[in-house]
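Open the model in your viewer and keep the sequence panel beside it. The stops below are given in the order in which to select them.

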Amino acid sequence: MNATSSSALAFDLVIAGAAMSGATLALALEHLTHSGLKIALIESAAPEKKQPEDDTHSIALAFGSCLLLNKIGLWEALSPHSTPITKIHVSDKGHWGFTNIQASTENLPFLGGVIALSKAEQIYLETINKAKNISLFRPALITEIHREIQETTLTLNTGQTIKTKLLVAADGGRSSCCALLKIPRVEHDFHQSAIIANITTSKPHQNQAFERFTEQGPLAFLPLSQNRSSVVWCMTPSQATKIESLDDAGFIDALQKEFGWRLGKILQTGKRALYPLCLRQSAQLISHRFAVVGNAAQTLHPIAGQGFNLALRDVMTLAQNIAHSYENKFDIGEMVRLQAYRKQREPDRNATVCMISQLVYGFSNASPLLTFFRNMGLIGMSVCPKTMRDPFLKRATGRFKGL
Ligand SMILES: Cc1cc2nc3c(=O)[nH]c(=O)nc-3n(C[C@H](O)[C@H](O)[C@H](O)COP(=O)(O)OP(=O)(O)OC[C@H]3O[C@@H](n4cnc5c(N)ncnc54)[C@H](O)[C@@H]3O)c2cc1C
């Protein structure tokens with residue numbers, strides 16, 4: 001459904017941002033409430049038609065995330081476009097420690113799936129257009145938020161006014177909704193940038209992902225269709241600028257040196273994109289008639305591919321709380337309901353942010369002592385499964401109780 005009316009409108013819920021987090025929340029609520037809630041989805045960017053060769057950004061969905069998407073009827077459409085990961089090889093460049101995580105030993109059919117972000121967004125958009133009670137305002141931007149006890153009034157740059165019970169910010173790492181409400185953001189610069197590209201190798205990846213720790217930063221290969229791999233290569237910003245400016249042959253050469261020959265020769269590379277890496281966290285997950293999810297709540301370093309996986313757990317928890325309020329005829333934007341969401345999400349959110357910082361600093365350091373301990377750690381991950389592997393594995397496979 002496309003919203004075009006310029007008169008004052010009323011919605012149960014307004015979501016700012018229609019990328020992965022915002023769109024998933026809208027579709028989860030449509031599913032869980034059987035289209036019972038009237039939802040406005042506001043997206044500032046105009047739709048763009050991407051060519052397959054521009055499809056550089058892929059994300060790895062953990063097994064648990066695939067199960068969550070299945071619960072809300074989305075995995076069926078996404079799975080034909082996702083490449084399963086059945087093994088993850090974790091290693092430290094130039095050192096002896098390595099570990100393998102295998103779906104078979106974890107008793108899982110697969111550890112996760114890799115999907116091009118633009119494909120997932122296209123599938124989401126098609127599903128939203130067919131949804132009964134989701135109205136998409138695009139391109140549109142919230143310019144004013146006026147909160148009263150019982151409702152919130154939003155003004156859009158299109159001149160429209162919307163009244164709602166609850167506003168959810170899913171508007172990315174620089175959330176303008178949080179800025180309008182003066183909700184502070186904590187920022188930490190990792191002094192790293194990620195270069196991403198899709199490459200083809202001479203040996204088949206056989207559904208294997210690789211996470212390789214180098215002195216400059218982590219390097220990940222994720223399996224894609226047609227024997228391609230999606231590369232996420234983290235390094236210092238100055239190195240990234242140099243590597244990005246190389247021609248394809250120079251880039252392939254540098255990447256081959258860093259990754260080695262486990263997948264044979266790197267034959268081809270697609271377009272490259274560069275992302276500066278920062279941790280951005282909203283100081284609050286909730287406020288009066290307001291909640292934050294996804295990158296707007298926390299933008300993470302991609303080292304362990306946790307960004308959307310964590311966002312999905314935020315989204316599903318919030319969606320379940322809202323659906324419960326709807327079923328019981330409670331006010332969906334009441335503070336007591338939002339507090340339940342905050343309490344449920346904070347432990348996982350804090351633990352994930354902490355694990356990622358430890359991985360970034362523990363593995364991007366050339367100190368001999370740290371090198372020794374992380375190699376012992378990688379070996380330990382293989383030989384004493386329970387104690388060392390569990391916290392990492394829980395997040396790598398996304399298996400959380402209660403969701
Ligand atoms: C290199 C890299 C690799 C990654 N790999 C993985 C991975 O393997 N697995 C994983 O789980 N995650 C991964 N991530 C993270 C993942 O990409 C993000 O967590 C996910 O895409 C976040 O989506 P989002 O919808 O929360 O935010 P965003 O994608 O930032 O979307 C925000 C949306 O809001 C819109 N918007 C902005 N301002 C407004 C406004 N004022 N009003 C309305 N709309 C607005 C924007 O146009 C955008 O569409 C990776 C990230 C990077 C950088």
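Start with β12 and β15, which pair in the antiparallel sense over eight bridges. This is a predicted model, so read each stop as a feature of the prediction. To find one rung of the pairing, select A194 and look across to C234 in β15, its bridge partner.

Next, keep β15 selected and add strand β14, residues 218-223. β14 and β15 also run antiparallel, joined by five bridges. Here L222 stands opposite S230 of β15. Follow the chain through the hairpin of β14 and β15, where four residues lie between the strands. Stop at Q226 in this hairpin, which takes a positive phi near 55 degrees.

Now colour β15 (residues 228-235) by burial. How many of the eight residues of β15 are buried? Eight of the eight are, so the strand is largely enclosed by the rest of the structure. In a regular strand the side chains alternate between the two faces of the sheet. In β15, R228, S230, V232 and C234 lie on one side, and S229, V231, W233 and M235 on the other. Both faces are covered, and the residues on each are all buried.

Move on to the largest nonpolar core, a set of 105 residues. Which of its residues touch the most other members? Select I15, L25, A291 and V293. The largest share of this core, nine residues, comes from α8. Domain 1 (9-51 + 119-186 + 281-365) and domain 2 (58-117 + 187-277) each contribute at least three residues to this core. In soluble globular proteins, nonpolar side chains tend to be buried together.

Zoom in on V293. Leaving out residues up to four places away in sequence, V293 touches S21, L25, V168, A170, A311, D314, V315 and L318.

Finish at the ligand and show the 33 residues around it. Which come nearest? They are G17, G172, G294, G305 and G307. By class, the shell around the ligand has 18 nonpolar, 13 polar and two charged residues. Select α1 (20-32), β3 (58-62), β12 (185-201) and α8 (307-327) in turn: each supplies at least two residues of the shell. α8 gives the most, with four residues. Colour by domain as a last step: the shell draws at least three residues from domain 1 and at least three from domain 2.

Key: Residues numbered from 1 in each chain as written. Predicted model: local features only at pLDDT ≥ 70, side-chain atom pairs only at ≥ 80, totals over all residues. Near = placed C-beta within 6 Å. Nonpolar A, V, L, I, M, F, W, Y, C, P; charged D, E, K, R; others polar. Domains from an automatic or database assignment. Core = buried A, V, L, I, M, F, W, Y, C linked by C-beta atoms within 7 Å. Buried ≥ 20, exposed ≤ 12 C-beta atoms within 10 Å, placed from the backbone. Contact = placed C-beta atoms within 7 Å. Pairing = 2+ DSSP bridges.
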